[in-house]
Amino acid sequence: QNDVSSHSHNSSNPANMNAMIRQLPRLSAASNKLSRCAFASRSVHIEKKIEELGIKLPAAPAPKANYNITCRVPDENTLYVSGHLPITADGTLITGALNPEGGGLTVEEGYEAARHCGLNIIATLKNHLGDLDKVEQVIKVFGIVNSSTDFKHQHLVMDGCSDVIMEVFDKPVGYHARSAIGVNTLPLDASVEVEAIVKIKS
């Protein structure tokens with residue numbers, strides 16, 4: 001009883017109360033710092049993963065004609081991403097048709113081109129959203145492969161784009177629906193062009 005009485009007396013002592021009040025700003029500042037650290041940790045999760053994978057994103061590309069590189073549907077939180085070309089980190093555009101039998105690009109070279117399309121899409125998402133952790137779901141990618149009429153492996157070429165999206169976002173966020181088609185030419189003689197539909201967090 002004496003201990004309880006003593007504790008109660010100390011807590012109600014004006015000097016002790018003043019000391020506790022003086023500590024409140026420091027406690028509040030520490031709490032805010034912890035909150036900021038937790039938020040920062042969440043907001044750089046994907047960027048940190050990209051760094052750990054040794055992936056270097058290219059500069060976000062600009063439109064090549066009279067269109068917007070992205071278009072957002074506010075009510076649905078859906079982002080439509082225009083077709084992206086295989087531009088490397090040094091700005092080189094990968095060109096030429098997929099035509100291994102005729103001296104054109106091989107499946108492996110097409111795969112790399114599609115991978116660069118995917119990296120450019122990710123760079124655009126980062127530029128548009130400011131934070132790749134805001135991507136809730138990569139819904140669909142649509143790949144167009146510049147190829148000869150006898151080339152039948154557009155789906156294997158498009159794995160280059162799908163694989164890098166999965167490396168960066170993983171399941172379930174990066175696991176997407178997909179279509180791949182072949183055409184006899186693409187703008188600027190690009191080897192591959194890829195567009196995407198992405199759901200972003202509210």
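**Close-up views of three salt bridges and T78**

**View 1. R178 has a relative accessible area of 29% and is therefore partly exposed.** The model shown is predicted. R178 forms a salt bridge with D159, and the closest N and O atoms of the two residues are 2.9 Å apart. D159 lies in helix α5 and R178 in strand β4 (residues 177–183), so this pair ties together parts that are 19 residues apart in sequence. D159 is also partly exposed, with a relative accessible area of 26%. The value for D159 falls between the 20% and 50% cut-offs, which means that the residue counts neither as buried nor as exposed.

**View 2. A salt bridge joins the side chains of R115 and E167.** The N to O distance in this pair is 3.1 Å. E167 belongs to helix α5 (residues 154–169) and R115 to helix α4 (residues 107–129), so the salt bridge ties together parts of the chain that are 52 residues apart in sequence. The two partners fall into separate accessibility classes: R115 counts as buried at 17% relative accessibility, whereas E167 is partly exposed at 30%. R115 is classed as buried because its value is under 20%.

**View 3. The side chains of E136 and K199 meet in a salt bridge.** Here the N to O distance is 3.6 Å. K199 is located in strand β5 (residues 192–200) and E136 in strand β3 (residues 135–146), so the pair ties together parts that are 63 residues apart in sequence. K199 has a relative accessible area of 32% and is partly exposed. E136, at 35% relative accessibility, counts as partly exposed too. By the rule applied to this model, the count of salt bridges comes to four; among them are E136 with K199, E167 with R115 and D159 with R178.

**View 4. T78 is a buried residue of strand β2.** This strand covers residues 78–84. T78 has a relative accessibility of 8%, and it counts as buried because that value is under 20%. Leaving aside neighbours within four places in sequence, T78 is in contact with C71, R72 and V73. T78 also contacts I197 and V198.

Conventions
Residues are numbered from 1 along each chain as its sequence is written. This is a predicted model: local features need pLDDT of at least 70, side-chain atom pairs count only at pLDDT 80 or more; totals for chains, interfaces and linings use all residues. Side-chain values use heavy atoms; hydrogens and water are left out. Helices (H or I, at least four residues) and strands (E, at least two) are DSSP runs, numbered from the N terminus. Buried means under 20% relative accessible area, exposed over 50%, partly exposed in between (1.4 Å probe, protein chains only). Contact means heavy atoms within 4.5 Å.
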